[in-house]
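Dear colleague,

I am passing on the structure we spoke about, and my notes on it follow below. Please read them with the model open beside you.

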Amino acid sequence: MNSLAFSPDSKLLVSGGGLGGLSAIIWDVEKHALRHHLEGHKGEIYTVGFTPDSARAASGSFDNTLKLWSVGSGREIATLRGHRDKVNVLAVSPTDGTIFSGSYDGDIRVWDGSTGRYLRTIGNTNSWVGGLAPTPDGKKLVSTCIGGPPCASEPQIVWDIAG
């Protein structure tokens, strides 16, 4: 497994990178049971998360895409395209379910957490994006980078994301 995330109510867990790395799995924590295999990526899954209402899960992959999934049915809602390189990190806003994604292309993109619609690119780190964390109030996003000279001079950036 490359990535794990609990649902906000702690009843479910999504794991990414299982079964050869191309699927994610939603687990029912209370029943200790597999709930859904989320299949459709063409590259290894490296990041997963849940929306605040636990109705949708997201996965990011080395196929340069993210996918948005229905937790209830296990079906794909949308494929989120636009990154030019491997998607290795995502974060979900705790206030409105907005999805933030980071990639080896350096872009930090913003997606609608209900539909998967692309909203905007908030910036580029000039290096691989290493981590993303929205503030609890949903007004700022902190990013880190991995690799390359920009990381030495500016290892983390705080982005203003308030609408």
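A residue is called buried here when its relative accessible area is under 20%, and exposed when that area is over 50%. Please keep in mind throughout that this is a predicted model.

With that cut-off, Thr98 counts as buried, because its relative accessibility is 12%. Thr98 is found in the loop that lies between β9 (87-92) and β10 (99-103), and its side chain makes a polar contact with the side chain of Asp96, at 2.8 Å. If residues up to four places away in sequence are set aside, Thr98 touches Ala91, Val92 and Ser93, and also Val110, Trp111 and Gly113.

Turning to the protein as a whole, its secondary structure comes to one helix and 15 strands. The radius of gyration is 15 Å, close to the 15 Å that the globule rule gives for 163 residues, so the protein is as compact as a globular protein of that length. Taken along the principal axes, the box filled by the C-alpha atoms is roughly 45 × 35 × 25 Å. Of the 163 residues, 52% count as buried, and the protein exposes about 7,700 Å², of which carbon and sulfur atoms supply 51%. Among the contacts with a separation of 6 or more, 35% are accounted for by residues 24 or more positions apart.

How are the strands of the open sheet ordered? There are four of them, in the order β5-β6-β7-β8, and their pairing is antiparallel. The edge strands are β5 (45-50) and β8 (76-80), each of which pairs on one side only. On average, and with direction ignored, neighbouring strands of this sheet are turned by 20 degrees against each other. Within the sheet, β5 pairs with β6 (residues 56-61) in the antiparallel sense over five bridges, and Thr47 has Gly60 in β6 as its bridge partner. As general background, strands of a sheet pair through backbone hydrogen bonds, either parallel or antiparallel.

The other pairing I looked at is that of β13 (residues 128-134) and β14 (residues 140-146), which run antiparallel and are joined by six bridges. Here the bridge partner of Gly131 is Thr144 in β14. The hairpin that these two strands form has five residues between the strands, and in it Gly138 takes a positive phi near 75 degrees.

With best wishes

Terms used: Residues are numbered from 1 along each chain as its sequence is written. This is a predicted model: local features need pLDDT of at least 70, side-chain atom pairs count only at pLDDT 80 or more; totals for chains, interfaces and linings use all residues. Side-chain values use heavy atoms; hydrogens and water are left out. Two strands pair if DSSP finds at least two bridges between them. Helices (H or I, at least four residues) and strands (E, at least two) are DSSP runs, numbered from the N terminus. Axes are lines fitted to C-alpha atoms, for helices over the stretch in contact, and angles run from 0 to 180 degrees between N-to-C directions. Buried means under 20% relative accessible area, exposed over 50%, partly exposed in between (1.4 Å probe, protein chains only). A polar contact is a pair of N or O atoms within 3.5 Å; within protein, one must be able to donate a hydrogen and the other to accept it, and residues adjacent in sequence count only if both atoms are side-chain atoms. Contact means heavy atoms within 4.5 Å. The radius of gyration is taken over C-alpha atoms; the globule rule is 2.2 Å times the number of residues to the power 0.38. Accessible areas come from the Shrake-Rupley method with a 1.4 Å probe; for residues, only the protein chains shown count as cover.
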